[in-house]
Amino acid sequence: SNAQQVDQTGNLIDNSQWTGVGAYAPDPNDCCSNPGGSQPLYDTDTDTIKFSYGQATVGQIIGINNALGSSGLQVNGYTWSYWLRNNNDGSTQTGVDSLTSYSYLKDGAGNILTDNTIVHNTKMDWTQFSGTQTLSNPYDIAGGGTVGIQFSSRDGGFWAGLYGPEVNGVSLRLNYSAGEDPCIKDPLSSTSCPGYAEAYKSQQCSMNPLYDTTCPG
């Protein structure tokens, strides 16, 4: 048989829907202020999440059914990527800030089907990270579920400005394929299935040999 074709959604991230940010506003670009206070700022000038001195988690959760919107599909996994800068915004802080990225795919009951965690604790200018999480057994979207990504960090120098790690260009995409044809499993699942008539007759004959003169017995 032919290998099953796996397709991919567009980027599911909506940059207007980040939870955990203190404010959506331009970065004041000064030493001591942040419109979001101790919480991260979403810099609307550069579409960048910038962490401040308060520990925080910024994330998004997307419903699988909302993303795919069709029955008869199955999820094979997801692909993630983002850009990260972690250089204390050029400050003289001696230590290095730590940022943890976490992405996941859950079923309708909240059980983790697959996930990925990366801890970044080295200095770097803008660097892209990416990967793909693949399920060993595809998941039927009829069960519901969610896919999500989040970033947890703070400015270790505890300064009032936006000197913590910075994240932008976040992408989260579901990898999916057509589910198994129910007619293959059970020709009686629909009257339109090939072999429905034959399977129906066989079922009736097994229950009552008098159903038809051609029934065995």
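Here is a short walk through a predicted model, with a few selections to make along the way.

Start with the sheet. Select β5, β10, β7 and β8: in that order, these four strands form an open, antiparallel sheet. β5 (56-63) and β8 (112-120) are the edge strands, each with a single partner, so one side of each has no neighbour in the sheet. From one strand to the next, the twist averages 10 degrees.

Now pick out β7 (residues 99-106) and β10 (residues 146-153), which run antiparallel and are joined by eight bridges. Click on Lys106 and look across to β10, where Thr146 is its bridge partner.

Next, go to Asn121, in the loop between β8 and β9 (124-140). Asn121 is partly exposed, at 47% relative accessibility. Beyond its neighbours within four places in sequence, Asn121 touches Val96, Asp97 and Ser98.

On to the charges: the structure has three salt bridges. Select Asp27 and Lys50, whose closest N and O atoms are 2.8 Å apart. Asp27 sits in the loop between β2 (23-25) and β3 (41-43) and Lys50 in β4 (residues 48-50), so this pair ties together parts 23 residues apart in sequence. Add Asp43, which also forms a salt bridge with Lys50, at 3.2 Å from N to O. Asp43 and Lys50 are both buried, and Asp27 is buried too, with a relative accessible area of 12%.

For the last stop, select Glu166 and Arg85, a salt bridge with 3.1 Å between the closest N and O atoms. Glu166 is in β11 (residues 166-178) and Arg85 in β6 (residues 73-86), 81 residues apart. Glu166 is buried, at 3% relative accessibility.

Terms used
Residues are numbered from 1 along each chain as its sequence is written. This is a predicted model: local features need pLDDT of at least 70, side-chain atom pairs count only at pLDDT 80 or more; totals for chains, interfaces and linings use all residues. Side-chain values use heavy atoms; hydrogens and water are left out. Two strands pair if DSSP finds at least two bridges between them. Helices (H or I, at least four residues) and strands (E, at least two) are DSSP runs, numbered from the N terminus. Axes are lines fitted to C-alpha atoms, for helices over the stretch in contact, and angles run from 0 to 180 degrees between N-to-C directions. Buried means under 20% relative accessible area, exposed over 50%, partly exposed in between (1.4 Å probe, protein chains only). Contact means heavy atoms within 4.5 Å. A salt bridge is a side-chain nitrogen of Lys or Arg within 4 Å of a carboxyl oxygen of Asp or Glu.
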